[in-house]
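Colleague: I have a model open and would like to learn how to read its features one by one. Could you walk me through them?

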Amino acid sequence: YHEAAEKYLATPLAESPIEMSGERARLEDTALVDAIHEVQLQAAKADVSFTSLFQQGVRIRKGPVTVREMAALYIYDNELYAIEGHGKMVREALENAARYFLPCPDPSCATGPLINSSVAGFNYDIAQGVSYTIDLRQPVGQRIQNLTYRGAPLRDDQPLRIAVNNYRYGGSAGYTMFPGAKILWRSGTEIRELLIDYFKARKTLPEKPDGNWRIEPAAARAVLERELLAPVRR
């Protein structure tokens with residue numbers, strides 16, 4: 001059984017046109033996280049997708065991608081839900097996610113710390129289907145700026161079909177806007193398997209991110225780069 005499992009995990013299922021790493025995925029938009037969103041949006045037929053990066057150290061090599069590498073991208077046994085939501089729900093979820101960052105200790109945002117050690121990295125969700133800026137100069141609860149959907153400002157009452165995992169739907173880690181929302185669809189299988197099946201059929205992973213979100217100001221990004229990358233590279 002062990003040998004059969006190892007053989008399956010070593011099976012190539014797709015190609016990656018670039019080497020991908022989770023090092024910078026909590027600092028900037030990456031093709032690695034966009035790969036998860038691509039699957040969730042397609043499977044749930046969603047307008048907006050939420051996911052987090054579970055491990056900063058995850059890597060996918062350029063060239064053949066194995067089942068083992070794809071499975072490492074989603075290590076938990078979560079199922080995918082499509083829920084009935086709206087623009088306000090998206091904004092509130094993003095503001096909650098932004099608690100992963102501390103307020104700038106000075107107006108320039110050139111000093112740290114900027115990582116909130118009380119918020120686990122896997123509870124920092126990133127969204128796809130909308131565009132937004134996380135401005136660390138703003139007060140907590142008002143840091144999501146320039147939030148748009150299909151090129152226009154996202155209205156609080158905009159109806160949306162939202163893809164989240166079952167853990168997040170339960171309201172974990174302050175995501176209290178999701179519980180009670182109508183479940184329109186559920187995967188019935190783990191998101192890890194959705195990833196494997198999708199890219200086995202598609203044959204290739206995304207080459208570059210679409211850049212739908214960023215952190216401001218630039219000085220804060222420089223501080224975060226030091227804080228986020230140093231532990232990974234040690």
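Colleague: Let me start with charged side chains. Which residue forms a salt bridge with E216?

Modeller: Happy to help, and please keep in mind that this is a predicted model. The partner of E216 is R214, and their closest N and O atoms are 2.6 Å apart. E216 counts as buried because its relative accessibility is 17%, under the 20% limit. R214, at 44%, is partly exposed.

Colleague: How many salt bridges does the structure hold?

Modeller: There are 15. One of them joins E69 to R61, with 3.0 Å from N to O; E69 is buried, at 10% relative accessibility. In another, E190 pairs with R192, and the closest N and O atoms lie 2.7 Å apart. Here E190 is partly exposed at 26%, while R192 is buried at 14%. There is also a network of salt bridges that links R24, E28 and E225.

Colleague: And what about a buried charge without a partner? Where is the nearest side chain of opposite charge to D34?

Modeller: That is R202, 11 Å away, and D34 has no salt bridge although it is buried. D34 sits in helix α2, which covers residues 31-44. If you set aside neighbours within four places in sequence, D34 contacts D29, Q128, P209 and D210.

Colleague: Let us stay with helices. What is the general idea for reading their faces?

Modeller: An α-helix has 3.6 residues a turn, so residues three or four places apart point the same way.

Colleague: Is V39 of α2 buried or exposed?

Modeller: V39 has a relative accessibility of 1%, so it counts as buried. This residue also belongs to helix α2. Beyond four places in sequence, V39 is in contact with L194, L195, Y198 and F199. A C-alpha distance makes the fold visible too: V39 and D197 are 158 residues apart in sequence but 9.5 Å apart in space.

Colleague: Which residues touch the most other members of the largest nonpolar core?

Modeller: They are F50, Y132, I134, L136, F178 and F199, in a core of 76 residues. Helix α2 gives the most to this core, with 8 residues. Take F199 as an example: leaving out residues up to four places away in sequence, F199 touches L13, A14, A35, E38, V39, M70, T204, L205 and P206.

Colleague: Helix α4 caught my eye as well. How many of the residues of α4 are buried?

Modeller: Of the 11 residues in α4 (87-97), 8 are buried, which leaves the helix mostly covered. The buried ones are G87, M89, V90, A93, L94, E95, N96 and A97. Their cover includes the strands β3, β6, β7, β8, β9 and β11.

Colleague: Now for empty space. How does one look for it, and which residues line the largest pocket?

Modeller: The general idea comes first. Rolling a probe the size of a water molecule over the atoms shows where empty space is left. In this model, the largest pocket has a volume of about 160 Å³. Its lining is made of I18, E19, M20, S21, E23, R24, E28, D29, T30, A31, L32 and P209. Strand β2 (20-21) and helix α2 each supply at least two residues of that lining.

Colleague: My last topic is the backbone. What should I expect there?

Modeller: Most residues other than glycine have a negative phi, and most peptide bonds are trans. That makes a useful background for the next cases.

Colleague: Which residues does a cis peptide bond join, with omega of about 5°?

Modeller: G112 and P113. P113 is in the loop between α4 and β7. A cis peptide bond also joins E216 to P217, with omega of about 0°, and P217 belongs to the loop between β13 and α7. So you meet E216 again, the residue that forms a salt bridge with R214.

Colleague: And what is phi for N146?

Modeller: Phi is positive, about 55°, although N146 is not a glycine. N146 lies in strand β9 and is exposed, at 54% relative accessibility. K203 is another case, with a positive phi near 80°. K203 is found in the loop between α6 and β13, and its relative accessible area of 51% makes K203 exposed.

Notes. Residues are numbered from 1 along each chain as its sequence is written. This is a predicted model: local features need pLDDT of at least 70, side-chain atom pairs count only at pLDDT 80 or more; totals for chains, interfaces and linings use all residues. Side-chain values use heavy atoms; hydrogens and water are left out. Helices (H or I, at least four residues) and strands (E, at least two) are DSSP runs, numbered from the N terminus. Buried means under 20% relative accessible area, exposed over 50%, partly exposed in between (1.4 Å probe, protein chains only). Lys and Arg count as positive and Asp and Glu as negative; His and the chain ends are not counted. A salt bridge is a side-chain nitrogen of Lys or Arg within 4 Å of a carboxyl oxygen of Asp or Glu. Contact means heavy atoms within 4.5 Å. A nonpolar core is a set of buried Ala, Val, Leu, Ile, Met, Phe, Trp, Tyr and Cys residues joined through side-chain atoms within 4.5 Å. On a 1 Å grid over the protein atoms alone, a cavity is a set of points where a 1.4 Å probe fits but cannot get out, and a pocket is an open set with protein on both sides within 12 Å along at least five of seven lines; lining residues have an atom within 4 Å of a point. Grid points are joined across faces, edges and corners, and a volume is the space filled by probe spheres set on the points.
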